[in-house]
Amino acid sequence: MSGDLLKSYRFREERQADWQKLDLILTRAENGGVKSLSDEQMLALPRLYRQAVSSLSVARSISLDQNVIAYLESLCTRAYFFVYGARTTIGERMMTFLRKDWPAAVRGAVWPTLLSALFFFGGWGLAFFLCLQDMDWYWTFHGQSFFEGRNPEATVEYLRSTIYTDGHGDGQLTAFSSFLFNNNAQIALFAFALGFAFGIPTAWLLVYNGVMIGSMYAVFWDKGLGYEFTGWLMIHGVTEIFAIVLAGAAGFIIGGAVAFPGAQTRLASARSAGQKAATIAMGCIIMLIIAAILEGFGRQLINSDLVRYVIAGTTGVLWMVYFYMSRQERSV
């Protein structure tokens with residue numbers, strides 16, 4: 001036991017001076033930022049970090065005192081973030097994400113996006129046409145308690161009252177809007193999160209959500225309110241549905257990497273695809289927040305069909321330009 005203690009003491013005595021220098025540099029950087037370091041300290045930081053990592057590796061291999069190992073692990077962790085960490089502020093990183101990372105990730109996922117849209121709008125179209133042929137399909141999809149009152153048995157006057165704010169049905173309209181947003185937000189997040197299972201749950205969720213909306217759309221269409229309902233839904237739906245499709249694309253990116261890993265292991269393939277997928281998914285959260293703002297204010301306060309369509313069309317064009325045409329500006 002005394003021999004191990006002596007070995008640990010000598011190991012620490014030979015290297016402790018450099019550890020202390022690194023500790024002082026890190027403490028100064030943590031308190032005053034990297035700009036507070038002198039030129040000599042900036043040059044010494046990576047060298048001292050490599051020495052500390054080497055010391056940690058040796059300490060682990062010869063089973064030194066656990067206190068020494070714990071100290072070196074803490075020291076190396078602190079130094080790592082200054083040597084290899086981001087050199088930008090949070091604001092600058094967010095701007096880089098919005099201006100470059102997110103649009104680039106979406107542009108690089110055209111085929112997964114088209115596949116996601118196919119499942120979503122395929123479910124929408126299937127439910128829509130089935131319900132138009134036989135409204136019993138509506139009850140098959142929704143059951144007896146979905147959106148009480150907004151069903152094939154409702155009158156035209158009642159359905160019309162649910163898509164225009166007249167001061168009497170605001171509570172019901174808000175509840176319906178909240179349900180749609182919460183449902184779509186959950187679908188988007190789960191579509192991304194469950195992509196690892198070869199994309200199968202992602203496809204099912206997209207079809208399911210499309211069926212829910214398509215069957216409801218058929219009810220209003222059958223009553224001659226298709227034009228009005230489309231404007232009411234799309235004032236925020238352009239952004240929200242686009243977010244769902246992109247979240248599904250992120251899920252398919254991961255699912256495709258797991259299903260077809262190539263020369264890599266499935267785990268390694270999923271890890272490499274995860275960065276792009278996660279970038280798209282994080283952006284979808286921003287889109288859902290914007291959709292919530294449009295839903296909570298614009299759709300509740302605007303009763304003009306024309307204005308609703310203008311807002312829906314404008315948001316659609318803006319998203320297309322942002323994602324798929326912004327690269328032209330960088331190439332000029």
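1. Start with Ile-280. Beyond its neighbours within four places in sequence, Ile-280 is in contact (heavy atoms within 4.5 Å) with Trp-102, Ala-105, Val-106, Ala-109, Leu-246, Ala-250 and Ile-253.

2. A note on the basis. The model is predicted, with local features needing pLDDT of at least 70 and side-chain atom pairs pLDDT 80 or more, while totals for chains, interfaces and linings use all residues. Numbering runs from 1 along each chain as its sequence is written, and side-chain values use heavy atoms, without hydrogens or water.

3. The largest nonpolar core (buried Ala, Val, Leu, Ile, Met, Phe, Trp, Tyr and Cys joined through side-chain atoms within 4.5 Å; buried is under 20% relative accessible area, 1.4 Å probe, protein chains only) has 57 residues. Ile-280 is among those with the most contacts inside it, as are Trp-124 and Phe-229. Helices (DSSP runs of H or I, at least four residues, numbered from the N terminus) giving two or more residues include H4 (90-107), H10 (226-259) and H11 (266-301). H10 gives the largest share, 17 residues.

4. Another core lies apart from it, with 21 residues, among them Phe-11 and Leu-56.

5. The whole structure holds 27 aromatic pairs (Phe, Tyr and six-membered Trp rings with centres within 6.5 Å; edge-to-face means planes over 60 degrees apart). Trp-102 and Trp-319 pair edge-to-face, at 6.1 Å centre to centre and 65 degrees. They join helices H4 and H12, 217 residues apart. Both Trp-102 and Trp-319 are buried.

6. Trp-124 and Tyr-217 also pair edge-to-face, at 5.8 Å and 65 degrees. This pair links H5 to H9, 93 residues apart. Ring pairs place Trp-124 and Tyr-217 in a cluster that includes Phe-120, Trp-221 and Trp-232.

Technical notes
Buried means under 20% relative accessible area, exposed over 50%, partly exposed in between (1.4 Å probe, protein chains only). Rings of Phe, Tyr and Trp (its six-membered ring) pair if their centres lie within 6.5 Å; planes under 30 degrees apart count as stacked, over 60 as edge-to-face and the rest as tilted.
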